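This report covers burial, nonpolar cores, a chain contact and one helix pair. The sequence and structure come first.

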Amino acid sequence: MARYWINGENWVEVVDAEGVNVVHFTVDDKEIAVSGGQTVLEAVQRMPGIGNIPHLCYHPAVKPYGACRLCTVEAVEGSRSRFVAACLYPVKEGLVVKTNTERVRKLRKGILELLLARCPNVKRIQELAKEYGVEKPRFILGDQDCILCGLCVRACQEIIGKSAISLVNRGIYREVAVPFYAYELNEDCIGCGDCAYICPTGAIQMGPDGKPVLPRVKIPYAEIEAMKQRGATITS
Amino acid sequence: MSELSQKLLQIRSPADLENLRLSILHKRDPSRTCISVCAGTGCRASGAEAVVDALIDEIERRELQINVEVKETGCHGFCERGPLVVIRPKRIFYQRVKPEDIPEIISETVLNGNIIERLLYVDPATNEKIVYEPDVPFYKRQTRTIFGANGEIDPTDIEDYIAAGGYSALSNVLFHVSPEEIIEEIKRSGLRGRGGGGFPTGRKWESCRLAKGDIKYVICNADEGDPGAYQDRSLLEGNPHSVLEGMIIGAYAIGSHRGYIYVRNEYPLAVRHARIAIEQAMDYGLLGEDILGSGFNFTVTINKGGGAFVCGESSALMASLEGKVGEPRAKYIHMSEKGLWDSPSLLNNVKTWANVPLIINKGANWYSQVGTANSKGTMIFSLVGKINNTGLVEVPMGITLREMIYDIGGGVPNGKKFKAVQTGGPSGGCIPEQYLDTPVDFDELNKLGSMMGSGGMIVMDEDTCMVDVARYFIEFLKGESCGKCVPCREGLDRMSEVLSNITQGKGVREDLDLLKDLAGILRDGALCALGQTAANPVLSTLHYFRNEYIAHIDEKKCPAGVCRELIQYSIDPEKCEGCLRCLRACATGAISGEKRKPHTINQGMCIKCGACYDVCKFDAVVKQ
């Protein structure tokens, strides 16, 4: 059976070899064939010219995580349509993926509004927000740099095998920290700089001692605002 | 117990089980007086333990041990009237019993057969005193198929359960029914997951049986965390063997040899009773190796949860079981194919498991007679909030909300007007009065913007501010969000920020659109069901009670008089008698005045605690 594989701008005819698991699916009205066992985001990224799926918490070097939800696309299987994270959703035979519908764009715009309100000073977020038409968030602005995508933690664990840092606490109190909330990184950190390199927002920088300086996620915005109203001075 | 006696005790065949059941029944005299005291968590809180101690003391003092048996059972359901005492075999029903009443109960009722009038339940509708338990309107209108045994058996004694026909479903399937037939039976019964999602149980079992993998797991989800819900807890406390039997049947059906009960550590009694049940089932050969001599092996371990609400979500629960942080992961591949340690895992709610032995014993046809077209069987709801008969009720699917709230629940107390009922826990919606005649099942509640959830039902009266309710639930979910994905972590925080502004009179009209936008982000974008359904309380109150939001925003008024920033207390000089009661009650000294002269409130000092409003006997304190 002949199908089309997109290679750059060229359409190439491919034949399903026996024993090779080839999956045929559709992305934004373009029918493509890829080898099975990968995610929608991986498949789409390998094919220039097909849909542009934004993402912040995905990196090919580590396992997908699905935290930023920016890569959300609409996946249609049979009569069922739902919103899924492209970085985690496996390609399936007959799947129809829509990467740029109005509802998808609205969702991404909303997520970017939330992220921009949290991190108004991060260049990458500013650019993405502009692309999706967010001008000024309708919320009290925070002053964080870290979006809690967990890339640094996963890189440290999966690539370096050290787990010198991890995500602690839950909800709005979640942050990247040293195990047991130690004041500084212990000898587990080898100072490789992997976390600083992989960080999409520049929230982790290498310090003068050759060890990374972690972002300090602190008090929720509403509470900061309330504290300011009570006349407190916020330092960090 | 020595190894030998343990061996002797073990049941090795279905015939052994039947013989044991008969011998237990033979030993028991059905006419012997049995005083069963509800020792569920609700009645314990109102002092059931002291009642049991007093009973045992009194019986020992009068040397009546041979004639009278005392049974500490699980929750009977009528928690409002606890501690409950039922005297069998006549089933005389005494409520709000105190230890002081015990000598009288023994001397009058047990020995002389006289009824003690003051301990009887009075039906508020007819003012009639009701003597026998089945005649109490609260119980009369229920269909207690899975919850009914709670009042009859001692959860710490396996023989009680066996005497009531327990484990007969298990012995039947192990020898006469193939796993495929069990799954077919469950499918035909129409049972749907009782944990909230309502996924067809039979289909889940089938996909788990067909999933590839040598090792498969069976898990019982007892991580109930909804505010106001305690039915899973009460079932596990009151009838742990029914849950265990369901799990063993499930394990046999899918080919699993290892099971877990994930129960929260805040439920110490449920943990203890489940542990005792497992130990006893092991001793009797109903669990462990070569169950009933059939060659089938299955063991169950209890895992105590740390109390995170999100760990009730299947993937987070399994992460927690694996010893990792309890965070959900994407479930694009079902847990029944790749769950605990990437092995096929069958996770069901406590109530779902308890339904299984019943379906096997009585058949799918019998089971599917009760209920609506797509929701079969009964459901246990916890009826709480502003309602007369607080407690657990088991009703057939398809009963209307009105029947549940008025006929069983006894309506709203103190003559207040009903305003809304919140179903399905924090992620459910608030349903207003005009929909009270809706039949309750999975699909109908979804249509109203709410859900079945795990069966919580919080009734609200006219003194409830719906904006404040929405704020409360969003606050709760914000605190329980794991913080992994952006829509849930940031979205809920911002939502609570907007709602707090509205309740403080700082809201603007645009906030309503903002709330809707945030709700859309949560529904489409969040990683797990906690986030996806989190906006329900906001959306449903916005839909049904929009005028309250408008009043808070435009008029800066809280119609229900709840939101502190928007209300003011003042004293009506016409009505004030100058009794000084409010002046003494005021914690901040904001009230001034002399005896027999009208008092006044200094608004600058008033903290709006409402103490003056509560103590005034002349209705002179006005809340605006």
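A residue counts as buried if 20 or more other C-beta atoms lie within 10 Å of its own, as exposed if 12 or fewer do, and as partly exposed in between, with C-beta atoms placed from the backbone. The model is predicted: local features need pLDDT of at least 70, side-chain atom pairs count only at pLDDT 80 or more, and totals for chains, interfaces and linings use all residues. Residues are numbered from 1 along each chain as its sequence is written, while chains are lettered from A and ligands numbered from 1 in the order in which they are written.

**A buried loop residue**

B:Leu566 is buried, as 22 other C-beta atoms lie within 10 Å. B:Leu566 sits in the loop between helix H24 (546–555) and strand S16 (569–571) of chain B. Helices (H or I, at least four residues) and strands (E, at least two) are DSSP runs, numbered from the N terminus. Contact means C-beta atoms, placed from the backbone, within 7 Å. Beyond its neighbours within four places in sequence, B:Leu566 contacts B:Gly505, B:His552, B:Lys556, B:Lys557 and B:Cys558. The C-alpha atoms of B:Leu566 and B:Ile502 are 9.9 Å apart, with their positions 64 residues apart along the chain.

**Nonpolar cores**

A nonpolar core is a set of buried Ala, Val, Leu, Ile, Met, Phe, Trp, Tyr and Cys residues joined through C-beta atoms within 7 Å. The largest has 234 residues, and A:Ala86, A:Cys152, B:Ile248, B:Ile249 and B:Met404 have the most contacts inside it. Helix H12 (residues 240–254) of chain B gives the most to this core, nine residues. Another core lies apart from it, with twelve residues, including B:Cys576 and B:Val621.

**Where the chains touch**

The contact takes 29 residues from chain A and 24 residues from chain B. On the side of chain B, H20(B) gives the most, with eight residues. For the classes below, Ala, Val, Leu, Ile, Met, Phe, Trp, Tyr, Cys and Pro are nonpolar, Asp, Glu, Lys and Arg charged, and the others, Gly among them, polar.

| Contact residues | Nonpolar | Polar | Charged |
|---|---|---|---|
| Side of chain B that touches chain A | nine residues | six residues | nine residues |
| H21(B) with H23(B) | six residues | no residues | no residues |

**The helix pair**

The axes of H21 (residues 510–525) and H23 (residues 536–544) of chain B come within 10 Å and cross at roughly 140 degrees. B:Leu512, B:Leu515 and B:Ala519 of H21(B) meet B:Val538, B:Leu539 and B:Leu542 of H23(B). Axes are lines fitted to C-alpha atoms, for helices over the stretch in contact, and angles run from 0 to 180 degrees between N-to-C directions.

Technical notes: Contact = placed C-beta atoms within 7 Å.
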